[in-house]
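Subject: Structure handover

Hi,

Here is the structure I said I would pass on, with my notes below it. Have a look at it first, then read on.

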Amino acid sequence: MRLRSLPARLVALTLALALVAPQLALARYQPTTGRNAFTEEQEIEIGKQAAAEVYKKYPVLPDSDPLTRYVQRLGNRLAANAPGYKWPYNFHVVNQKEINAFALPGGPMFINVGTIQAADNEAQLAGVMAHELAHVVQRHATRAYTKQQVPSALAQIAGAILGSRGGTLGGLGQIALQVGVGSYFMKNTRDAEREADLVGTDVMYDTGYDPHQMAVFFQKLEAQGGSRGPEFFSDHPNPGNRAAAVSAEVNTLPARSFQRDSADFTNAKRAAAGLKPLTAQQIAEQQKKGGFSNGQAASGGATAGGTSPATMGPLARGDVMPSGSFRQFQHSAFTIKYPDNWQITGNNSSQEVTFAPRGGASDNSTAYGVLVGGQQVRNARSLDDATAQLIQDWRQGNPDLRTAGSPEDIRVNGVSAKSVDLLNTSPIKDSSGRTVRERDWLVTLPYGQQGILYVVFIAPETDFDALRTSAFEPMLRSLHIQQPQ
């Protein structure tokens with residue numbers, strides 16, 4: 001048989017692929033690119049400093065709050081599917097009534113409590129967050145800032161950046177006030193909004209959420225109008241035909257089934273409904289009095305459970321060691337015994353509970369203690385897979401976190417479990433101000449159909465072995481899971 005020419009064979013192959021898998025012939029939205037005066041590292045630093053200003057001006061919930069922890073988990077799942085540069089995304093909740101959300105350069109994202117209260121389902125909340133994530137992916141803030149500057153101003157930017165290398169961040173800090181917090185009050189362009197919709201659509205799809213719900217939520221806000229809609233749309237102008245554009249993008253993607261609401265979302269809605277968020281007017285009045293003292297770091301990564309690390313001073317070993325006597329804690333999902341001289345953060349329905357010695361944990365970080373929590377891990381084929389996904393979620397906001405070896409099979413009171421050691425950076429600094437290494441011991445157990453219960457034992461490396469023997473192992477031996485009915 002005579003072979004056809006190469007071009008003819010390529011045409012035939014292309015047609016065959018289109019017939020067998022027509023979705024391969026369809027293209028996703030191709031994001032724009034543009035000039036940017038900042039490197040990725042500089043953009044991250046700008047975002048950190050801008051986030052610090054947000055913490056001074058707005059009532060940000062502590063990272064230990066169950067609502068914040070839920071938003072962090074949802075955000076980490078979306079960030080795992082974000083294209084392009086791997087920004088150190090981190091997620092925060094502002095206790096404000098008005099519906100709004102904003103992302104800063106380099107990854108910090110802030111979601112108003114009012115937005116969570118208004119979302120009818122998890123996909124709608126995921127849509128708002130995916131939209132904001134897309135602004136970070138596309139570097140809209142710094143690209144717009146670069147575009148607005150004349151060449152002489154860009155030279156000044158370069159000088160400020162070069163000056164920061166000498167040990168001061170004053171230049172970047174001034175830019176952060178303009179390009180970071182300033183962008184929260186300035187309108188995004190309609191072109192940027194359209195692009196955020198389309199990139200966000202793809203992120204939602206890849207994470208397993210119905211992208212149409214993004215457009216549905218925005219349409220809901222437009223229909224409500226009045227006192228609830230204007231703030232969001234002052235920062236996010238409608239690019240026009242939003243629902244049609246999202247639907248057109250979805251049609252370029254293969255058909256798939258989407259996730260339903262999680263138990264985490266139901267709990268988050270209940271928690272949000274129980275809050276009394278401040279209005280924009282109340283926040284403005286507080287800003288005139290000096291702003292807010294949120295008592296936690298505004299930027300940075302996360303500890304093993306996803307909380308932002310704040311610097312803590314060294315503690316004496318005698319202050320953190322267990323007394324030798326234990327009390328029992330009853331949660332709706334588990335029971336566990338803990339040292340009676342340690343303190344509890346959380347209650348019998350919290351998504352995560354912290355057990356720590358006095359001074360071993362703050363609102364936003366744990367240096368000594370134990371975290372017990374639950375998380376839905378969808379599409380996990382095994383406990384190994386679920387454990388790997390959990391660690392990957394945590395690493396999205398904490399690049400220092402790494403595993404020390406592979407997960408091992410263990411049993412906890414007859415239940416098959418996984419055990420893995422992690423290495424991290426402790427919020428503790430020594431007397432010289434140097435960073436202390438942290439060791440974390442993660443144990444995961446299956447919970448329900450698509451969930452896991454995790455236990456994280458945390459201590460600086462120098463004290464870990466002593467605490468493992470006297471507190472961590474006895475606590476693990478006392479753990480009993482109560483599976484959902």
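Let me start with a loop residue. N413 sits in the loop that links strand 10 (408-412) and strand 11 (415-429). Its backbone caught my eye: N413 has a positive phi of about 50°, although it is not a glycine. Most residues other than glycine have a negative phi. Is N413 buried, partly exposed or exposed? N413 comes out as partly exposed, since its relative accessibility is 41%. Keep in mind throughout that this is a predicted model.

R139 belongs in the same note. Phi of R139 is near 55°, again a positive value in a residue other than glycine. You will find R139 in the loop between helix 5 and helix 6 (140-148). With a relative accessible area of 15%, R139 is buried, because the cut-off for that class is under 20%.

Now the helices, beginning with the one that comes before that loop. Helix 5 (residues 122-137) packs against helix 9 (residues 190-207) at an angle of about 120°, and their axes are 7 Å apart. That angle makes helix 5 oblique to helix 9. The two cross in the right-handed sense. Which residues of helix 5 and helix 9 meet? From helix 5 there are A123, A126, G127, A130, H131, L133, A134 and H135. Facing them in helix 9 are A192, E193, A196, D197, V199, G200, V203 and M204. Sorted by class, this contact of helix 5 with helix 9 holds 10 nonpolar, four polar and two charged residues.

Helix 9 also packs with helix 12 (residues 242-250), here at an angle of about 35° and with the axes 10 Å apart. Helix 9 passes helix 12 in a right-handed crossing. On the helix 9 side the contact is made by E193, D197, L198, T201 and D202, and on the helix 12 side by R242, A245, V246, E249 and V250. How many residues of each class does the contact of helix 9 with helix 12 have? The split is four nonpolar, one polar and five charged. If you compare the two residue lists, E193 and D197 of helix 9 turn up in the contact with helix 5 and in the contact with helix 12.

On to the sheets. One is an open sheet of three strands in the order 1-3-2, with mixed pairing. Strand 1 (90-94) and strand 2 (101-103) are at its edges with a single partner strand each, so one side of each has no neighbour in the sheet. Direction ignored, neighbouring strands here are turned by 15° against each other on average. Helix 2 (residues 40-57) packs on this sheet and touches strand 1, strand 2 and strand 3. The direction of helix 2 makes about 30° with that of strand 3. Within the sheet, strand 2 pairs with strand 3 (residues 108-112) in the antiparallel sense over three bridges, and A103 stands opposite M109 in strand 3.

Another open sheet has three strands in the order 4-5-14, with antiparallel pairing. Its edge strands are strand 4 and strand 14, each pairing on one side only. Strand 4 (residues 326-330) and strand 5 are antiparallel and joined by five bridges. They form a hairpin with three residues between them. For a reference point in that pairing, R327 has Y338 of strand 5 as its bridge partner. Strand 5 also pairs with strand 14 (residues 480-481), antiparallel and over two bridges; there, T335 is matched with H480 in strand 14.

Why is strand 5 (residues 334-339) described as largely enclosed by the rest of the structure? Because five of its six residues are buried. Helix 17 (residues 461-478) lies across strand 4, strand 5 and strand 14 and runs at about 155° to strand 5.

That's what I have for now. Over to you!

Cheers

How values were computed:
Residues are numbered from 1 along each chain as its sequence is written. This is a predicted model: local features need pLDDT of at least 70, side-chain atom pairs count only at pLDDT 80 or more; totals for chains, interfaces and linings use all residues. Side-chain values use heavy atoms; hydrogens and water are left out. Axes are lines fitted to C-alpha atoms, for helices over the stretch in contact, and angles run from 0 to 180 degrees between N-to-C directions. Helices (H or I, at least four residues) and strands (E, at least two) are DSSP runs, numbered from the N terminus. Angles under 35 degrees count as roughly parallel, over 145 as roughly antiparallel, 65 to 115 as roughly perpendicular and the rest as oblique. A crossing is left-handed if the near helix is turned anticlockwise from the far one by less than a right angle, and right-handed if clockwise. Contact means heavy atoms within 4.5 Å. Ala, Val, Leu, Ile, Met, Phe, Trp, Tyr, Cys and Pro count as nonpolar, Asp, Glu, Lys and Arg as charged, and the others, Gly among them, as polar. Two strands pair if DSSP finds at least two bridges between them. Buried means under 20% relative accessible area, exposed over 50%, partly exposed in between (1.4 Å probe, protein chains only).
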